[in-house]
Amino acid sequence: MGDVIGLGMTHYPLLLGPDETMAALLSSTLKDPDIPAEEKDPANWSEMARREWSDDNGTAAAAEHRATLRAHLDRVRAELDEFQPDVVLVWGDDQYENFREEVIPSFCVLAYDDTEVDPFGVITKLGLPNAWGLPNDQSFTMRGAPDFGKQVATAVLNDGVDIAYSYMPRPGTNFPHAFANTQIFLDYDNVGKEFPYPILPIAVNCYGEHVIARRGGIARFAEIQAGEDLDPPGPTPARCYELGRAVGRMVRESDLRVALVASSSWSHAFLYDEGWHLRPDTESDRALYEAMVADDHEPWVGRTSQEVVHSGQHEILNWHCLLGATRELGLQLEWSELVETEIFNSNKAFAVYK
């Protein structure tokens with residue numbers, strides 16, 4: 001019987017950049033001419049948003065946000081080092097990166113060999129520098145776990161949950177940043193150096209109806225108001241939970257030490273249409289966080305895909321997978337934090353299950 005630990009963290013892309021650009025998504029959104037002027041006027045924002053935005057477009061608040069995120073990431077890394085896993089299994093979203101018009105799987109095990117990864121591609125596309133002052137084409141190696149990946153795919157399929165598998169990343173595009181950033185943020189002071197643990201990514205189609213329609217990114221309100229040609233939905237929260245349970249059963253029967261990681265922020269401002277893409281849906285995030293802390297998974301399992309999309313919580317499906325695994329394995333929440341923000345696009349959660 002293998003030993004298991006469960007971890008939750010963020011892969012917030014703008015943490016890759018300096019403080020001056022951490023609110024870049026909000027700065028870009030404020031230029032959208034189809035968002036009402038009164039919504040974009042800081043005088044009409046919440047007290048927290050005005051305090052974060054201040055007179056420097058969020059630069060000072062970004063330093064505080066970074067320090068908080070780094071402290072929690074360091075806690076997750078310390079737990080990982082204490083556990084000493086044989087492999088780190090990461091649930092993350094593919095944001096129109098590996099999977100595009102050719103095929104969009106609900107779930108896919110990326111059973112790759114060691115892979116060269118471009119860590120800064122996602123912010124380079126936005127024209128932003130990186131926080132380390134490294135060359136934009138800096139790369140690092142992500143150690144793979146292809147044999148374990150095959151075992152996971154086989155066990156999950158035999159358990160009745162349909163999952164795809166891949167042996168090779170899509171050429172000519174950036175490696176999915178959910179997984180690249182997971183390694184970077186767990187090794188923040190050693191970017192470009194060898195990470196001590198192999199990683200098995202499992203891609204979840206979190207973006208569902210927006211994965212092709214919005215190219216996994218930001219849509220201007222003129223496009224939304226004109227009517228979008230939406231894609232079929234992603235897997236339901238309940239199905240993600242069941243995938244987590246199936247993975248939990250597999251790792252329980254293995255002889256490996258496995259760290260199970262949910263990598264994502266929670267509600268995203270650029271996906272929360274009701275909030276005019278200016279702020280995340282903090283109320284919905286708080287409700288799910290309180291249920292998680294209370295070990296009440298019913299609000300998670302009972303949530304519909306439409307509710308997830310409405311709140312801009314697309315990427316939280318990765319956490320549904322983790323919670324399913326923790327329930328199956330009887331892991332208990334030992335520590336967690338929810339970091340709230342009004343201007344840095346998303347609320348970020350962290351967790352340790354043992």
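**Aromatic contacts, a quick chat**

Reader: Let's start with one pair: are Phe-195 and Tyr-197 buried or exposed?
Author: Both Phe-195 and Tyr-197 are buried. Keep in mind that this is a predicted model.

Reader: Ok. How many aromatic pairs does the structure hold?
Author: There are 11 aromatic pairs in the structure. One of them is Tyr-112 with Phe-175, an edge-to-face pair at 6.2 Å centre to centre, with 70° between the planes.

Reader: Where do Tyr-112 and Phe-175 lie?
Author: Tyr-112 is in the loop between strand E3 (107–110) and strand E4 (115–117), while Phe-175 is in the loop between strand E6 (164–166) and helix H7 (177–186), so the pair ties together parts that are 63 residues apart in sequence.

Reader: And what's the relative accessible area of Tyr-112? Of Phe-175?
Author: For Tyr-112 it's 3%, which makes that residue buried. Phe-175 comes out at 7%, and Phe-175 is buried too.

Reader: Back to Phe-195 and Tyr-197: what kind of aromatic pair do they form?
Author: That one is edge-to-face, with 5.6 Å centre to centre and 85° between the planes.

Reader: Which residues form one aromatic cluster?
Author: Phe-120, Trp-132, Phe-185 and Tyr-188 do.

Reader: Switching to charges. Which ring does the charged end of Lys-150 sit over?
Author: The ring of Tyr-167, with the charged end 5.3 Å from its centre.

Reader: What about Arg-257, which face does that lie over?
Author: Arg-257 lies over the face of Phe-83, and the distance to the ring centre is 4.2 Å.

Technical notes:
Residues are numbered from 1 along each chain as its sequence is written. This is a predicted model: local features need pLDDT of at least 70, side-chain atom pairs count only at pLDDT 80 or more; totals for chains, interfaces and linings use all residues. Side-chain values use heavy atoms; hydrogens and water are left out. Rings of Phe, Tyr and Trp (its six-membered ring) pair if their centres lie within 6.5 Å; planes under 30 degrees apart count as stacked, over 60 as edge-to-face and the rest as tilted. Helices (H or I, at least four residues) and strands (E, at least two) are DSSP runs, numbered from the N terminus. Buried means under 20% relative accessible area, exposed over 50%, partly exposed in between (1.4 Å probe, protein chains only). A charge sits over a ring if NZ of Lys or CZ of Arg is within 6 Å of the ring centre and within 35 degrees of the ring normal.
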